[in-house]
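Open the model in your viewer and keep the selection tool at hand. The stops below go from strand pairs to a single residue and then to the cores.

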Amino acid sequence: LRDNRIELVRASWHELSISVSDVSLSDEGQYTCSLFTMPVKTSKAFLTVLGVPEKPQITGFTSPVMEGDRMQLTCKTSGSKPAADIRWFKNDKEVKDVKYFKEEDANRKTFTVSSTLDFLADRSDDGAVVSCRVDHESLNSTPQIANHVLEIHYTPLVKIISSNSWPEEGQSIILTCESKGKPVPEPVLWTKDGGELPDPERMVVNGRVLSISFLNKTDNGTYRCEAKNPIGRNSTEYVLIVHDVFNTLLPTTVIPSLTTATVTTNVALTASTTTSATATSIRDPNALAGQTGPDHALIGGIVAVVVFVTLCSIILLGRYLARHKGTYLTNEAKGAEDAPDADTAIINAEGSQVNAEEKKEYFI
């Protein structure tokens with residue numbers, strides 16, 4: 001071997017060592033060591049030289065890319081022996097659906113490897129890092145990587161956020177129009193029912209925020225927020241409904257179930273007599289919620305008083321009729337039956353005026 005890159009390291013009767021610096025593909029081949037004895041003894045070894053792949057490069061991209069456009073990115077590396085392996089990543093997540101190509105170099109010893117990533121540009125890809133990674137056994141587990149940051153332009157995405165989910169009359173509301181796009185959208189445009197805002201004094205626009213104070217029924221309608229950039233425009237709507245103000249009811253004391261309530265009610269009778277009655281009412285456990293015990297007790301008290309008065313009236317009337325009931329039997333004067341009138345009957349009666357005192361009346 002006669003090459004300046006080859007040096008004799010050790011020489012003795014038992015060992016002969018050489019070193020090769022700056023190894024190249026031409027150093028690959030079979031090396032023979034001979035011992036000149038009778039007969040000559042030899043030993044052979046084959047040296048394989050790995051071709052280190054060049055640093056990969058990504059081509060085929062343009063910046064910026066419009067949303068919906070098709071992108072074809074190609075990653076390429078040369079000089080690998082054996083052929084290197086190429087893998088694609090998007091934000092550290094491997095992309096499997098790629099195409100792989102391999103061809104021999106002019107020296108017919110190394111390979112050029114390429115891979116193509118094909119996809120449709122989407123707004124979610126804006127700012128994503130696309131990586132091409134080359135793995136090879138000559139790299140000692142340290143792959144070579146090429147990166148490219150995607151820039152996707154897209155129309156604005158618009159959304160309205162309300163500060164009040166149940167607006168009532170007299171209150172205020174703030175509508176915020178969130179718009180996201182690339183390039184950044186211009187200031188938004190607010191409209192109501194397809195026209196300009198009708199009351200600029202109460203409806204104030206500050207950037208992307210619409211504030212409406214002292215709400216009333218005339219504010220009901222559809223509010224539109226529109227945003228645009230050089231790529232296009234987009235809008236969204238919010239339907240405002242102003243509700244009536246609810247009256248706040250005072251808290252009502254409810255008698256718990258299975259409790260007793262006593263109510264005293266005064267009832268005026270015809271003879272201007274005041275009767276006091278006490279009614280005891282037990283609330284029905286099955287009564288509807290919101291019904292209070294005192295209402296039922298009041299009704300029960302009135303009914304009890306009416307029944308009591310009615311019974312008393314019936315008893316008094318019965319006693320009165322019992323004392324005056326009967327038949328009056330009198331001893332009529334004899335001879336009076338044929339008299340034409342009362343005076344003649346008295347005159348013709350037996351005993352006339354003389355015996356009048358003897359007539360008696362019997363009560364049975």
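Which residue in E20 is the bridge partner of Gly-221? Select Leu-240 together with Gly-221: Leu-240 is that partner. Bear in mind throughout that this is a predicted model.

**Stop 1: E19 and its neighbours**

Widen the selection to strand E19 (residues 221–229) and strand E20 (residues 232–240). The two strands are antiparallel and paired over 9 bridges. Together E19 and E20 make a hairpin, with 2 residues between them.

Now add strand E16 (residues 189–192), which is joined to E19 by 4 bridges. E16 and E19 also run antiparallel. To check the register, select Leu-189 and look for Glu-226, its bridge partner in E19.

**Stop 2: E8, E12 and E13**

Clear the selection and pick strand E8 (85–90) and strand E12 (129–135). These run antiparallel, with 6 bridges between them. One pair to display is Ile-86 and Val-134, the latter in E12, which stand opposite each other.

Next select strand E13 (residues 144–149), which pairs with E12 in the antiparallel sense over 6 bridges. Here Ser-131 has Asn-147 of E13 as its bridge partner.

**Stop 3: Ser-131**

Stay on Ser-131, a residue of strand E12. Is Ser-131 buried or exposed? Its relative accessibility is 11%, so Ser-131 counts as buried, the cut-off for that label being under 20%.

Show the side chains of Ser-131 and Asn-147: a polar contact of 2.7 Å joins them. The bridge partners are thus linked through their side chains as well.

Then display the surroundings of Ser-131. Leaving aside residues up to four places away in sequence, Ser-131 touches Arg-87, Trp-88 and Phe-89, and also Ile-145, Ala-146 and Asn-147.

**Stop 4: the nonpolar cores**

Trp-88, one of the residues that Ser-131 touches, leads to the next selection. Along with Met-71, Leu-73 and Leu-150, Trp-88 has the most contacts inside the largest nonpolar core, which has 19 residues. Which strands each supply at least two residues of this core? Colour strand E7 (70–80), strand E8 (85–90), strand E11 (111–120) and strand E12 (129–135) to see them.

For the last selection, go to another core, which lies apart from that one and has 18 residues. Among them are Ile-173, Leu-175, Leu-197 and Met-203.

Terms used:
Residues are numbered from 1 along each chain as its sequence is written. This is a predicted model: local features need pLDDT of at least 70, side-chain atom pairs count only at pLDDT 80 or more; totals for chains, interfaces and linings use all residues. Side-chain values use heavy atoms; hydrogens and water are left out. A nonpolar core is a set of buried Ala, Val, Leu, Ile, Met, Phe, Trp, Tyr and Cys residues joined through side-chain atoms within 4.5 Å. Buried means under 20% relative accessible area, exposed over 50%, partly exposed in between (1.4 Å probe, protein chains only). Two strands pair if DSSP finds at least two bridges between them. A polar contact is a pair of N or O atoms within 3.5 Å; within protein, one must be able to donate a hydrogen and the other to accept it, and residues adjacent in sequence count only if both atoms are side-chain atoms. Contact means heavy atoms within 4.5 Å.
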